[in-house]
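Got your viewer ready? Let's take a short walk through this structure, one selection at a time.

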Number of protein chains: 2
Amino acid sequence: MKDNKGLALLLDLYELTMAQCYFHYKKDAWATFDLFVRTLPQSRSYLMAAGLEDIANYVRNLRFNYEEISYLRKQNLFSRDFMEYLKKFRFKGDIWAMPEGEIFFADEPVLRVTAAVIEAQIIESFLLNTINLQTMIASKAVRVISASAGKGVYDFSLRRTQGSDAAIKAARSSYIAGFNGTSNVLAGKLYRIPIAGTMAHSFVMAFKQELDSFLAYSSTFPDKTILLVDTYNTKKGIENAVKIGRYLKEKGCRLLGIRLDSGDIVAWSKLARRMLDRASLSFVKIFASGNLDEFRIRELLRLGAKVDNFGVGTHMGTSIDAPCLDVIYKISEITDENGKFLPTMKLSKAKVTYPGRKQVFRILDKRQRFVKDVLGLEKERIKGRPLLIKVIDKGKLVYKLPTLNKIRDFARVNLARLPAALKEVYPKYKYPVVISKGLRKLRRNLSYQLERRQ
Amino acid sequence: MKDNKGLALLLDLYELTMAQCYFHYKKDAWATFDLFVRTLPQSRSYLMAAGLEDIANYVRNLRFNYEEISYLRKQNLFSRDFMEYLKKFRFKGDIWAMPEGEIFFADEPVLRVTAAVIEAQIIESFLLNTINLQTMIASKAVRVISASAGKGVYDFSLRRTQGSDAAIKAARSSYIAGFNGTSNVLAGKLYRIPIAGTMAHSFVMAFKQELDSFLAYSSTFPDKTILLVDTYNTKKGIENAVKIGRYLKEKGCRLLGIRLDSGDIVAWSKLARRMLDRASLSFVKIFASGNLDEFRIRELLRLGAKVDNFGVGTHMGTSIDAPCLDVIYKISEITDENGKFLPTMKLSKAKVTYPGRKQVFRILDKRQRFVKDVLGLEKERIKGRPLLIKVIDKGKLVYKLPTLNKIRDFARVNLARLPAALKEVYPKYKYPVVISKGLRKLRRNLSYQLERRQ
């Protein structure tokens, strides 16, 4: 599941038809493609890169097996020699990318492929799909983290993510962004993410009395019980939880927490905190859930809600206010007959792209805080930290894929260095991304050339 | 991939902790759960059921293997006897569901599980995730179909769906809803959906001249070429396409189409149509793409765009204006000590549920058009077509899973019988769903009982 094998046909048909044309007309041509986000969603002021591990594994394992080739043959589209080529297909190009957990902005390539144009084209759909999902979720989750101001945050999104892949990647991406764990057991197993959970309303309803359900659960998990208190009457639910808390305490155990999933979370959490404290149960944590996101969490905390941990589901796991990114994959150079790379760009209105092999340079101040980025040509001498690093060299992985916890640490450091104004739930500041002199000049000249040529 | 094996741990941790409690306290208790959508998204006036095939396969193949049990053991949460139980786990309950392609509304169970409470609980997360994704997409796609007024519509969403599972299911769900095909080759292979594609801007840019790229492609696929005409200058692009069209015609071939992906689609399509017709190329189709959805398609057609086929991507594949459904899974009855089913319900404010074992009855007029639905108790005598049918009986599939084309036909028939006012892009009519006398009475009495009991 993590190796991304068997996904060779997860591509748009045109990748293969174009590949066959390239095979016949431009077999030896190489090209560079940039993967970037054209414009940020309205409520995003920055993005957090995620998805590279999947891409590295996909690219290394990409093979077309017998069954896949047979299916393609039946389409009456492909030539025999192209099918023979696909049978032996290996990705042998280079990939430069920002590490997962890096922060980036519109127009900045988060990933750059230089390969035989036919290979670069065949991997396009998977690359876009992967960066789109995982970066979108990490970028939403990190906003939840900022709004939560140090409180615990858990991914509860599984039941309403867009499918199983999204569920697993939502757990992974939100953990990178700083979440404390997930309810998704499979994601926990695959990525060693801490798993967490409470109980459902149906559980409470399966017993005659609410208290019976609380007793059953806390007897089964005496040190790991979080009681859901709002199935019938929230006040009585909290009273019942207090009873259980006292009972467990007598036995030398600790009730872990209670959960509020509906109603006025501010009022109920304040009441619950008072009732628990009065019963000498100040160690019992209060969890809140139910359509939470960064906007709602910020509001709850502003109003003084006594919540220790948030369970965040659908809104984060679908990035509900921005359920896709404007990710694109654009050719920026291609070799001529002599194998020399020549820059290229798209001219059509409102969709003009930046030509040439580019790098993103981040300018930091003395305290390592982000000041501005420069989008320039790779060969330009620009001071600042280059953000794209070489991951795949001639098809081989030359980058040590970091552990999830390393990525998470890197994300935290990046977040700390990001201007505070960008981390607001309603940001009013736009981070400066400057186009370098060299790139501006190239674009001007090339635009003129291309217009004349067509 | 279609058998849904290996997904046993794709569940929320609490399903397993609750299951362990049930194992110790209510091992023999059976319960009924309803899966339904509490409220429809703002821009939806009806939903189209999808996802049942995956659920049927998942439920039948659900096993916890050695590796999964080992992982669970390490969590220090589960008892040895419960782990032994899980090793031998089989779903042995009943599932009633609406067939895929059925139309349904808020509060109506689209699926109903009656099983040992422990089994019903363990399958919850997968059921919700599956119905959520596939029903959401089918329900968006069918709106696109209505707006397209008989034009061809193709799924181009792969690159920006929320992950690989969503990509595959978007192709399947949109095909059910009436789409003509998909660009997603893997979905085409898995589900025998027709696959389609054109060319990318990068392909045009990979050649010195636009015309060179058109020539290369049309020579490779002389009868299957759709030329993308807006890479540099759309007018010149259409002129070049006309040249290719004439050239192919001389050779006895037919240019399939041209594609417009940006700019003023109405104006460009009218111009392209005129230019093609003047060149005696009236058989050449015009494709449009680029952030299309039902709203935009309706507007394009209203303004007289000369478009024959629409490529619909991100907006459909993520259901962008409603990227999740308010799907829930609620217990409605549970057995007492004697094995007798007793109805139950949730009382907490704004989230009250309907108790008892229910059925949805659809009242049709003489011409088979939908008049209203009645949500009632299964045992009530209500005239009207019952929508929930038995799919799984004691763990065995007792329903012949229809082919995708059969489902598609069923969906088309249903759509034809739905009141026209509901099919508007901006619907102003709410379909009547009536609560039966028996159900209203049960709810009233039970609500009173439960309030007293707690």
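The tour starts where the two chains meet and then moves to a few strands of chain A. Keep in mind that this is a predicted model.

**Stop 1: the contact.** Color chains A and B separately and look at where they touch. Chain A puts 86 residues into the contact, and chain B puts in 86 residues as well. Now select residues 13-25 of chain B: this is helix α1, which gives the most to the side of chain B that touches chain A, with 9 residues. Color that side by class and you'll get 42 nonpolar, 28 polar and 16 charged residues.

**Stop 2: the symmetry.** Try laying chain B on chain A. A turn of 180° with a shift of 0.0 Å along the axis does it, at an RMSD of 0.0 Å. That is the relation of a two-fold axis. The copies meet through the same surface, because 100% of the interface residues of chain B are also interface residues in chain A.

**Stop 3: strand β14 of chain A.** Select residues 358-364 of chain A. Is this strand largely enclosed or not? Of its 7 residues, 5 are buried, so β14(A) is largely enclosed by the rest of the structure.

**Stop 4: its partners.** Add residues 370-377 of chain A, strand β15, which pairs with β14(A) in the antiparallel sense over 7 bridges. Find Arg362(A), which stands opposite Asp373(A) in β15(A). The hairpin of these two strands has 5 residues between them, and there Gln368(A) takes a positive phi near 70°.

Last, add residues 385-386 of chain A: this is strand β16, joined to β14(A) by 2 bridges and running antiparallel to β14(A). Here Phe361(A) has Pro386(A) in β16(A) as its bridge partner.

Notes. Residues are numbered from 1 along each chain as its sequence is written. Chains are lettered from A and ligands numbered from 1 in the order in which they are written. This is a predicted model: local features need pLDDT of at least 70, side-chain atom pairs count only at pLDDT 80 or more; totals for chains, interfaces and linings use all residues. Two residues are in contact if their C-beta atoms, placed from the backbone, lie within 7 Å. Helices (H or I, at least four residues) and strands (E, at least two) are DSSP runs, numbered from the N terminus. Ala, Val, Leu, Ile, Met, Phe, Trp, Tyr, Cys and Pro count as nonpolar, Asp, Glu, Lys and Arg as charged, and the others, Gly among them, as polar. Copies are superposed by least squares on the C-alpha atoms of residues with pLDDT of at least 70 in both. A residue is buried if 20 or more other C-beta atoms lie within 10 Å of its own, exposed if 12 or fewer, and partly exposed in between; C-beta atoms are placed from the backbone. Two strands pair if DSSP finds at least two bridges between them.
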